[in-house]
Amino acid sequence: MKHIQTPATPQSQADAMDTMSWDDWDELQRPTPEMTEFDGVVASAMSRRGFLGRVLAMGSGAAVMGAGVFKGSTALAASDRFAFDAIPIATDFTIHVPEGYSWAPVAKWGDPLFSDAPAFDPVSGVTTEGQARAFGENTDGMELFNIGGRQVIAVNHEYANTRTNLARSGGDVTSLDDVQLLQNAQGVAVFEVEEAEDGWRIVLDSDLNRRITHQTPMTLTGPAAGHDLLKTAADPEGRTVLGTMNNCGAGKTPWGTYLTCEENFNGYFGSTDQALELSAEFGRYGIGLEGRYAYETYDARFDLSQNINEPNRFGYIVEIDPADPTSTPMKRTALGRFKHENAACAVAPDGRVVVYLGDDERGEYLYKYVSDGVYTPGGDTSDLLVEGQLYAAKFTDDGRGEWIALTPEATGMDAAEIAIHTRLAASAVGATTMDRPEWVAVNPVAVEGYCALTNNKNRAVKPNAGGDETPVNGPNPRAENKYGQIVRWYPENDDHAAVDFTWDLYVMAGNPEVHDDAYAGSDNVHKGNMFNSPDGMMFDSAGLLWIQTDGDDSNEDGFAGMGNNQMLVGDPVSGEIRRFMTGPKGSEVTGITWSSDRRTAFVGIQHPKAPFPDGEGSLARSTIVAIKRDDNAVIG
Ligand code: FEO
Ligand code: CA
Ligand code: CA
């Protein structure tokens, strides 16, 4: 494959909405309340010395910090399991990979999946109708499925960038047609890919190709299905929803279906009646009177003054069968309603299915679901994500933890209420407030789970939106945490379904060039691999952890020396972390999956700035790229 070069200058200034993260937009719209005992909480934040002293005083540093953290650079170098040399940071507008590797685009925003979709226009983008038949915006979590020997990618299109997607109106939402274009640009794409002489490409008109948008009918299942809070005038039974939205990370079930995860659904709703009073539950979920895309102005379904229950029908895990393009996606309410990041599946020794789930909001929680039934290959799987128990994680500072069952007895809520207002249920049982749980990953060669806690500027500053205080705690040990960390847990008896676990921190990101306290990061962070805001995470077949970032790419001040967002590879055993890829400036690197032969890694570049990837004169295009070794060896 050719190594593609793009010019190193941005095409245009993006508007504020396009550069603002969803998280920052939420905070701007609905700031969380100030903490009342500010001084006392900040005083409890630990310094670097205090942190290490506390860990060592426990007599078993490895119980809290990962084994690699204390080995030092010599030990790390001796356990090199990496097939590549680390690359330096970058601050330009293209992709860099190690010597001996190359990359090329596979699917770009606006690429037709069907021949009846018009070709992408580099100046105006796509038409409203064409967008429903083409690759969407903001590629995110993805999985590859081998369906009868065919390579099929299912991928999320998380949100829209109006400046880019609505270039025809200068980025403004001015009509129902504009809203529908945005709705068609989001959701999920399923499409077949094939590897030709000149690289990977979309199989146009494959009978497995499919677009799922904000308008695709889907079925509600589980405890919340049919509940009064899910009933609307258009769906008086509360069982049929149009669309899935803000699809962030993903997951793959053992039986070969795709899990797409509804994250910041709150921002799509607003009210044409600004005097409308909203419930405390809406407040907990960040649902307010003004939506990010003005859907409510043109599409009554998103106008709270006309459809107050519509938001209760989003915020779930949705199961999609990629092998059947006519199948109806299933919203799995048993897995709870929150700002779902991704869904990492494991099978317990007794066959029960375990799904780890993060709620990406400052001070919210980490969850897991355990099915009642057991998985048997080829058996009936229809109830495995319908009937089961949801738990929230409680960590203690001594390196132990417990999954607390969200039962009616423990929460004072009935099963449907727990499924709909899961955040309130987790608060009721005193789960541990976390620094924005992003992706969870399960190691295929060891019984352990990992969660990227991306950052949390409110740690030890403000409570979460439910009023739960957020003092520093074991897995979230730094106040005003701007760098993030990765927590890891070891289920008791090597059983992912177990209630008890022990935990440690695999890495605390930081900047040892700028700080000499806890913000320097853990000892497996050094000048050569600095990063901030770990987000996407996936294990490869060898048990190496691929880590993607979505953070501050200013390369200045506390972030100096970190460069653009990037992808690193971590060795869970030695603790070594090595930089593998740098993304184009302004983009987030998110989503990774592999071809069935493991000779190609597919990686997502979300919301790049022009001129990526098509060069000057074209709108910026979120893109899935294929990365290969030049010798075509296995890449992961
Ligand atoms: Fe869509 Fe939390 O990332
Ligand atoms: Ca993410
Ligand atoms: Ca993120």
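Which residue bridges the calcium ion (ligand 3) and the calcium ion (ligand 2)? I would like to start there this morning, with the reminder that what we are looking at is a predicted model. The bridging residue is Glu438, and the two ions that share it lie 3.9 Å apart.

Let me take the two sites in turn. For the calcium ion (ligand 2), the protein donors are Glu341 and Glu438, each through OE, together with Asp535, which is listed twice through OD, and these donors lie 2.3 to 2.7 Å from the ion. Along the chain, the donors of this calcium ion (ligand 2) follow the spacing E-x96-E-x96-D. Because Glu438 lies in strand 18, residues 437-442, while Asp535 lies in strand 22, the pair ties together parts of the chain that are 97 residues apart in sequence.

The calcium ion (ligand 3) is coordinated by Glu438 through OE and by Asp535 and Asp550 through OD, at 2.3 to 2.4 Å, and in sequence its donor residues are spaced E-x96-D-x14-D. Here Asp535 in strand 22 is linked with Asp550, which sits in the loop between strand 23 and strand 24 (566-570), 15 residues apart.

How buried or exposed are these donors? Glu438 has a relative accessibility of 2%, and so it counts as buried, the cut-off being under 20%. Asp535 is likewise buried, at 2%, whereas Asp550 is partly exposed, with a relative accessible area of 27%.

Since strand 22 has now come up at both sites, let me turn to the sheet that contains it. This is an open sheet of four strands in the order 22-23-24-25, with antiparallel pairing. Its edge strands are strand 22 (534-539) and strand 25 (577-582), each of which pairs on one side only, and the twist averages 25° from one strand to the next. Between strand 22 and strand 23 (residues 545-549), which run antiparallel, there are four bridges, and within this pairing Met538 stands opposite Trp546 in strand 23.

Next, the nonpolar interior. In the largest nonpolar core there are 69 residues, and those with the most contacts inside it are Tyr268, Phe269, Leu357 and Tyr367. A second, separate core has 47 residues, including Val525, Met530, Ile592 and Val603. As general background, nonpolar side chains in soluble globular proteins tend to be buried together.

I will finish with two individual positions. Ala601 belongs to strand 27 (residues 600-606), and its relative accessibility is 1%, so it counts as buried. Apart from residues up to four places away in sequence, Ala601 touches Thr593, Trp594, Val625, Ala626, Ile627 and Ile635. The C-alpha atoms of Ala601 and Gly636 are separated by 7.4 Å, although these two residues are 35 residues apart along the chain.

The other position is Thr257, in the loop between strand 9 (247-252) and strand 10 (258-262). Is Thr257 buried or exposed in that loop? At 9% relative accessibility, Thr257 counts as buried. Its side chain makes a polar contact with the side chain of Thr253 at 2.6 Å, and another with the side chain of Trp255 at 3.2 Å. Leaving aside neighbours within four places in sequence, Thr257 is in contact with several residues, among them Phe145, Glu319, Ile320, Asp321 and Pro322.

Methods
Residues numbered from 1 in each chain as written. Chains lettered and ligands numbered in written order. Predicted model: local features only at pLDDT ≥ 70, side-chain atom pairs only at ≥ 80, totals over all residues. Heavy atoms only, no water. Helix = DSSP H or I, 4+ residues; strand = E, 2+ residues; numbered from the N terminus. Buried < 20%, exposed > 50% of the residue type's maximum accessible area, 1.4 Å probe, protein only. Contact = heavy atoms within 4.5 Å. Core = buried A, V, L, I, M, F, W, Y, C linked by side-chain atoms within 4.5 Å. Pairing = 2+ DSSP bridges. Axes fitted to C-alpha atoms, helices over the stretch in contact; angles between N-to-C directions. Donors = N, O, S within 2.8 Å, 3.2 Å for Na, K, Ca; no water. Polar contact = N/O pair within 3.5 Å; in protein donor to acceptor, adjacent residues only side chain to side chain.
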